[in-house]
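Notebook open, model loaded. I'll jot things down as I look them up, beginning with one helix and working outwards.

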Amino acid sequence: MIQNKGIRKAGIGAVMATILLAGCAAPPPGPIENDPNEALNRKVHAFNKGLDRALLRPASDVYGVVPNPVQRGIGNFAANLDLPGDVLNNLLQNNGPDAANNAGRFVINTVFGLAGILDPASVMGLPHRKTDFGETLHHYGMAEGAYVELPGFGPSTERDTVGLILDFALNPVGKLAEGDDAKIASGAKVLSKLGDRHRYSGTVDSILYDSADSYAQARMLYLQNRRFELGQTGGDAAGAEDGFIDPYEDPYGNE
Amino acid sequence: MVMNDTITRRGLVVAAGATALLGLLPRPAAALDTASARALIDMAIGDVNKVINSGKPEPAMYKDFEGIFARYADVPAIARSALGPAARGASAGQMSAFTKAYQGYIGRKYGRRFREFIGGRIEVVNAKPLKSYYEVISVAHLQGEAPFDLRWHVSNKSGKDLFFNIIIEGVNMLATEREEVAALLKQRGGDIDRLVADLKTM
């Protein structure tokens, strides 16, 4: 979250190395989790839970006192700053309609929505079509890789971790914003995350604190939802049968 | 033309006879098709929408959700699947106690999630055959939230049209439950009776 130019440059070097490595040794995604580093991931998970308990959850409770419309405005502002990066990824994915949608949305909300605090574009039929570099890498055939839980960021995969670093490195807003602007942008991002944590506190708490195995639950939720987002499962996807369970043919889940 | 008519007529008679014979076999009685699968989920969703906009206190809502689950879902199949390989070694008494406890647990657990849908609405947009059952696709519209995808898997293999799985934005309830129940059981040293006792309080 705290970005610094030096770290960013070092990050790009590491990313390039990782891409080359991942390109060679990427196993195909399967319905069963590919998690060779589970022991390490579980340690990171314990760390993330501690971080949530000590910092994120209490801070989000405090932030929750802020009136809803203000929270929403800050969330809108932060999301608006993601749009140039989304357009870049839409273009890299050769997805013209989404690129046009997100670019139009950015212009409208920036100009007529008080720099993105308001969201007139959604009303006009231009919803946010979220994307990220992980999706771009998927578009170019990079396999999901092993499951990873990242400190401070939570569930991810090898491919999505590379995508996350590239999103930070190549974000047009991050490149252009200097001084106070950059601080405001980072501040809005942090508050927006707190707002999300507050808004979804019931769900997040139930996964992290009420599950018998919160690590396994978080892993499963992330992988299934991510594959769905990338169109690998659900509806018209080629692999639509992934994870399909027949409790009548296979009542005890042996398959 | 005459030939054709005869064949067609005979074909119809044969088909009718076959259908009648099939009807006598101890097969699922309900004729499941896209329309009836859709109708089932339309009814279930109608009930869910009623509960989430009823303004009732939470414990009453959880009871209502449990009722909806019991009415529209194949609870024994879901419970057996959630318990996984351990169900094979369980006695009939253990299975029925587990199924009952599990139904309450699901009502509370998913009731809490559906509580976040208050003021929203769910609508069926499509239904289609998928493998050996039907998938009913619905969209949930929540306040201030992008609409999201909610799929219901419906089968009549229990003898009635019932749903046995829900997929929320790609997240598969049965798969998630299997993993969680396995972890719960492991925490209790594989003791199903203890699991049943604890589920009642969860």
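**Entry 1, helix H4 of chain A.** Reminder to self: this is a predicted model. I went to H4(A) and pulled its buried residues: Ala99(A), Asn101(A), Asn102(A), Arg105(A), Phe106(A) and Asn109(A). How are they arranged around the axis of H4(A)? Looking down the axis, I find the buried residues within an arc of 160°, so they line one face of the helix. On the face turned away from that buried side I noted the exposed residues Gly96(A), Pro97(A), Val111(A) and Phe112(A).

Next I checked what the buried residues of H4(A) pack against, and got two partners in chain A: helix H3 (68–92) and helix H5 (120–123).

Then a sanity check on geometry. H4(A) covers residues 96–112, 17 residues in all, and at 1.5 Å a residue it should span 24 Å. The C-alpha atoms at its ends are 24 Å apart, which agrees. After H4(A) comes Leu114(A), and I wrote down its positive phi, near 50°.

**Entry 2, His198 of chain A.** I moved on to His198(A), which sits in helix H9 (residues 179–199) of chain A. Is His198(A) buried or exposed? I count 20 other C-beta atoms within 10 Å, and 20 or more is the cut-off for buried, so His198(A) is buried.

Leaving out residues up to four places away in sequence, His198(A) touches Ser60(A), Asp61(A), Tyr63(A) and Gly64(A). I also took a distance to Leu83(A): the two residues are 115 apart along the chain, and their C-alpha atoms are separated by 23 Å.

**Entry 3, where A meets B.** I listed the contact between the chains: 29 residues from chain A and 33 residues from chain B. On the chain A side, the elements giving two or more residues are helix H10 (201–209) and helix H11 (214–229). H11(A) supplies the largest share of that side, 8 residues. By type, I get 12 nonpolar, 12 polar and 5 charged residues on the side of chain A that touches chain B.

**Entry 4, chain B overall.** Last stop for today. Chain B has 8 helices and 5 strands. Reading from the N terminus, I wrote the order as α-α-α-α-α-α-β-β-β-β-β-α-α. Of the 202 residues in chain B, 36% are buried. I also looked at contacts in chain B between residues at least 6 apart in sequence, and 58% of them join residues at least 24 apart.

Terms used: Residues numbered from 1 in each chain as written. Chains lettered and ligands numbered in written order. Predicted model: local features only at pLDDT ≥ 70, side-chain atom pairs only at ≥ 80, totals over all residues. Contact = placed C-beta atoms within 7 Å. Nonpolar A, V, L, I, M, F, W, Y, C, P; charged D, E, K, R; others polar. Expected span 1.5 Å × (residues − 1). Buried ≥ 20, exposed ≤ 12 C-beta atoms within 10 Å, placed from the backbone. Arc of directions from axis to C-beta.
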